[in-house]
Amino acid sequence: RIRFPVQEDRRGGCYFYSTIGCEMDISDDGQWIYVYGNSSMSAWNIDTLAHVYLPVQSGYRTRHHAYVSPNQQYIVVGRSAIHSWTFEGEELTTFGFGAKTFLSLEFIDETTIEVIIPTETATETHRYNIVTGEQLG
């Protein structure tokens with residue numbers, strides 16, 4: 001049995017007596033567990049139990065996806081906006097796509113993501129630097 005610690009300073013975390021509740025999700029590659037609740041998210045590496053606490057906006061739940069960079073230095077969360085952090089919990093950038101939500105997100109390298117966004121008739125593919133938020137090429 002694995003116990004996942006919560007923040008003790010009450011900045012957020014998963015308080016099971018709270019009416020807000022918590023939700024959990026497992027990464028597509030099976031290496032990370034994400035716990036969402038009370039305006040925060042924590043991510044744990046299943047093998048090492050290394051984790052990061054991230055204060056995120058209210059309303060983030062498992063319907064907002066989380067992605068870890070190949071070098072496990074960065075974490076990205078979002079659907080219609082992208083929020084990125086280091087694994088030390090430093091917020092890097094936030095950028096969005098207006099009212100659109102992306103269909104897929106994939107890391108191309110340690111700091112570049114490729115996002116597919118729906119349009120009226122098809123889809124568009126965009127690449128972004130998650131450290132600066134700059135759209136690439």
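**Group meeting: a first look at this model**

Okay, so this is a predicted model, and the protein chain averages a pLDDT of 76, with 74% of the residues scoring at least 70. Where should we be careful? Residues 1–13 stay under 50 in pLDDT, and the model gives them 19 contacts beyond four places in sequence. Then there's the stretch 58–63, also below 50, with 17 contacts in the model beyond near neighbours in sequence.

Now, the sheet. Four strands make an open sheet, and if you walk across the sheet you go β5, β6, β7, β8, with antiparallel pairing. Which strands stand at the edges? Those are β5, residues 65–68, and β8, residues 91–96; each has a single partner strand, so one side of each is left without a neighbour in the sheet. From one strand to the next, the twist averages 15 degrees.

Let's zoom in on β6 and β7. β6 covers residues 74–78, β7 covers 81–86, and five bridges join these antiparallel strands. If you want a spot to click on, try V77, which stands opposite H83 in β7.

Last stop, the largest pocket. The space in there is about 330 Å³. The lining has 18 residues, and the closest to the centre are S27, D28, A66, Y67 and V68. Elements giving two or more residues to that lining are β1 (23–26), β2 (32–37), β5 and β9 (104–107). And which element gives the largest share? That's our edge strand β5, with four residues. As for the mix of classes, the lining has nine nonpolar, five polar and four charged residues.

Okay, that's my tour, thanks!

Conventions: Residues numbered from 1 in each chain as written. Predicted model: local features only at pLDDT ≥ 70, side-chain atom pairs only at ≥ 80, totals over all residues. Heavy atoms only, no water. pLDDT = per-residue confidence, 0-100. Contact = heavy atoms within 4.5 Å. Pairing = 2+ DSSP bridges. Axes fitted to C-alpha atoms, helices over the stretch in contact; angles between N-to-C directions. 1 Å grid on protein atoms, 1.4 Å probe; cavity = no way out; pocket = protein on both sides within 12 Å on 5 of 7 lines; lining within 4 Å. Points joined across faces, edges and corners; volume = space filled by probe spheres on them. Nonpolar A, V, L, I, M, F, W, Y, C, P; charged D, E, K, R; others polar.
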